[in-house]
Every structure is written in C-alpha cells, then in structure tokens.
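Me: I've got this one open on my screen and I'd like a close look at a single part rather than a tour of everything. Could you pick one helix, go through it slowly, and then follow whatever leads out from there?

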Amino acid sequence: MKPGFKFCPDCGAPITHETPAGDDRNRDVCSRDGKIFYHNPLSVVGTVAEWEGRILMCRRAIEPRRHFWTLPAGFLELGETVADGAIRETREEARAEVDIGPLFSLINVTHIGQIHMFYRADLRNGRHAPGPESTETVLMDEGDIPWTELAFPTVYLTLERYFADRRAGRFTLHDEDLARDEWRRMGLRETPTLPA
C-alpha cells in the first residue's frame, strides 16, 4: 500500500515515511512533532437480500464500475455496527427494507486495503426501487445473474458461494482472501452492456 499523506493533516508539516521505534512497518510520521498516522482498511458492508428465491441486485449509477450490477453495499460509517451499515446501504441503494440474518461472507481485499462483508437478509414485502447510487433494481433468479457484468469480484464470489450453499441446503460463513487478479478467473467485463 502507498503512504497516505504528504503533509500532516494537523499542522501541515511534511510527512516522513518511516518505521517508528517498536513498530514493524512504515507509517506516516509528522516531521515537526513525530505524530504517527495509521491507515487502516476500509470496511464495505452489504446484503444478499432474498425474496421468494430471488436476489436483490442493483445497477450502479456511479463510478467505479458505473452501469455494472452489484449487491446493495457500501462503506461502513463511523458510529454504526456492521449489520446496521448493511441495512442502511440496502435502504440507500435499493430503497428496500430487510430483516438481517447472519454474516455470510467476509472477504479480505488486501491489495486495495478493504474488507467486504455481506449478510444474508430477507427482503420485507418484496418492495425495492433505485436509490441515488442505482439506476435500477431487480430481483434475479440464479440463472438471471449477469455474471460477467458484476461490478466487483467480491460480489461475484459472494453470489457464487451463496448459490452453492443454497443448493447444498446449508449456509456457512465464508472467510476468504481475494487475489489481485481474481477478476480474470471470473471473466468480469471491463465495459458494461448498457440498457436499451
């Protein structure tokens, strides 16, 4: 991972990139007062929301990966639990209310400094609509999933594991590491097929 700051966010002094005493890796350190800045992974949270056997999917209205399909998900906010963040993101992106279930997938994406977590959820009353970050929302059967037009490898991996578990008749927690080039195995497209 690249260093995070060039200048101290507190005083504006140049940042040095060094390993502080007692530490084991380079950190951003203020050249004026020695304050150490730690950069930690971002958490992405979302749901695999099901209604009558179909999964709630959103077509992205924003970059990155605009026009590609995704599960409702986004960055966890300060002051909320992981489950609360997943519920909020589902409400924001798909205007949908869910009853949250157990954590289903935890995927480490170390090459971009993120952790993606998806919960199983039941969609209440089947209602959904695009929020500001989605152009459309659709309930999809497994056979309808546009696998090569999924926005992110973590969504692909989560759905792949979800349908396999559902066929097996039991759901387990999937704790996995995502390789940098995993999207190649998945055959994810670089440009989306735009709606007519």
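A close look at helix α2

Reply: Start with the length of α2: it has 16 residues, and at 1.5 Å a residue they should span 22 Å, so the 22 Å between its end C-alpha atoms agrees with expectation. Keep in mind as you click around that this is a predicted model.

Now colour the helix by burial. The buried residues of α2 are P153, T154, V155, Y156, L157, T158, L159, Y162, F163 and D165. Hang on to Y156, Y162 and F163 from that list, as they come back below. Just past the end of α2 you reach G169, where phi turns positive, at about 80 degrees.

On to the rings. Counting ring centres that lie within 6.5 Å, you get 7 aromatic pairs. One of them is F104 with F171: the centres are 6.0 Å apart and the planes meet at 75 degrees, so this pair is edge-to-face; the cut-off for that label is over 60 degrees. This pair links distant parts of the chain, with F104 in strand β8 (residues 98-109) and F171 in the loop between α2 (153-168) and β11 (174-177), 67 residues apart.

How buried or exposed are these two rings? F104 has a relative accessibility of 1%, so it counts as buried, given that the limit is under 20%. F171 comes out at 28%, so it is partly exposed. Another aromatic pair joins Y162 and F163, again edge-to-face, at 5.9 Å centre to centre with 85 degrees between the planes. Both Y162 and F163 are buried.

Put the pairs together and you have a cluster: ring pairs link F104, W147, Y156, Y162, F163 and F171. F171 also has a charged neighbour, with R120 lying over the face of its ring, 3.9 Å from the ring centre.

Follow the chain past F171 and you come to β11. This strand has two faces: H174 and E176 are on the covered one, D175 and D177 on the uncovered one. β11 runs parallel to β8, and 4 bridges join the two strands. Among the residues of β8 that take part, L106 has D175 of β11 as its bridge partner. β8 is also the strand that carries F104, so you can get from the loop after α2 to β8 through the rings or through the bridges of β11.

How does α2 sit relative to the record? The unreviewed UniProt entry places "domain: Nudix hydrolase" at residues 37-163. The end C-alpha atoms of that span are 41 Å apart, and 19% of it is helix and 41% strand.

While you're inside that span, have a look at the loop between β5 (54-60) and β6 (69-70), where P64 is found. The peptide bond from E63 to P64 is cis, with omega near 0 degrees. R65 lies in this loop too, and its phi is near 65 degrees, positive although R65 isn't a glycine. R65 also lies over a ring face, that of F68, at 3.7 Å from the ring centre. E52, in the loop between β4 (42-51) and β5, likewise has a positive phi without being glycine, near 50 degrees. With a relative accessible area of 65%, E52 is exposed. As background, most residues other than glycine have a negative phi, and most peptide bonds are trans.

One last stop, towards the start of the chain. Strand β2 covers residues 27-30 and R27 is in it. R27 has a relative accessibility of 17%, so it counts as buried. Its side chain makes a polar contact of 2.8 Å with the side chain of D23. R27 and V29 point one way from β2, D28 and C30 point the other way, and all are buried.

β2 has strand partners to look at as well. Strand β1 (residues 15-18) runs antiparallel to β2, joined by 4 bridges, with E18 bridging to R27. Strand β3 (residues 36-37) is also antiparallel to β2, joined by 2 bridges, and V29 has I36 as its bridge partner there. The hairpin of β2 and β3 has 5 residues between the strands, and G34 takes a positive phi near 80 degrees in it.

Technical notes
Residues are numbered from 1 along each chain as its sequence is written. This is a predicted model: local features need pLDDT of at least 70, side-chain atom pairs count only at pLDDT 80 or more; totals for chains, interfaces and linings use all residues. Side-chain values use heavy atoms; hydrogens and water are left out. Rings of Phe, Tyr and Trp (its six-membered ring) pair if their centres lie within 6.5 Å; planes under 30 degrees apart count as stacked, over 60 as edge-to-face and the rest as tilted. Buried means under 20% relative accessible area, exposed over 50%, partly exposed in between (1.4 Å probe, protein chains only). A charge sits over a ring if NZ of Lys or CZ of Arg is within 6 Å of the ring centre and within 35 degrees of the ring normal. Two strands pair if DSSP finds at least two bridges between them. The expected span of a helix is 1.5 Å times one less than its number of residues. UniProt positions are given in the numbering used here, feature names are shortened, and annotations may be inferred rather than shown by experiment. A polar contact is a pair of N or O atoms within 3.5 Å; within protein, one must be able to donate a hydrogen and the other to accept it, and residues adjacent in sequence count only if both atoms are side-chain atoms.
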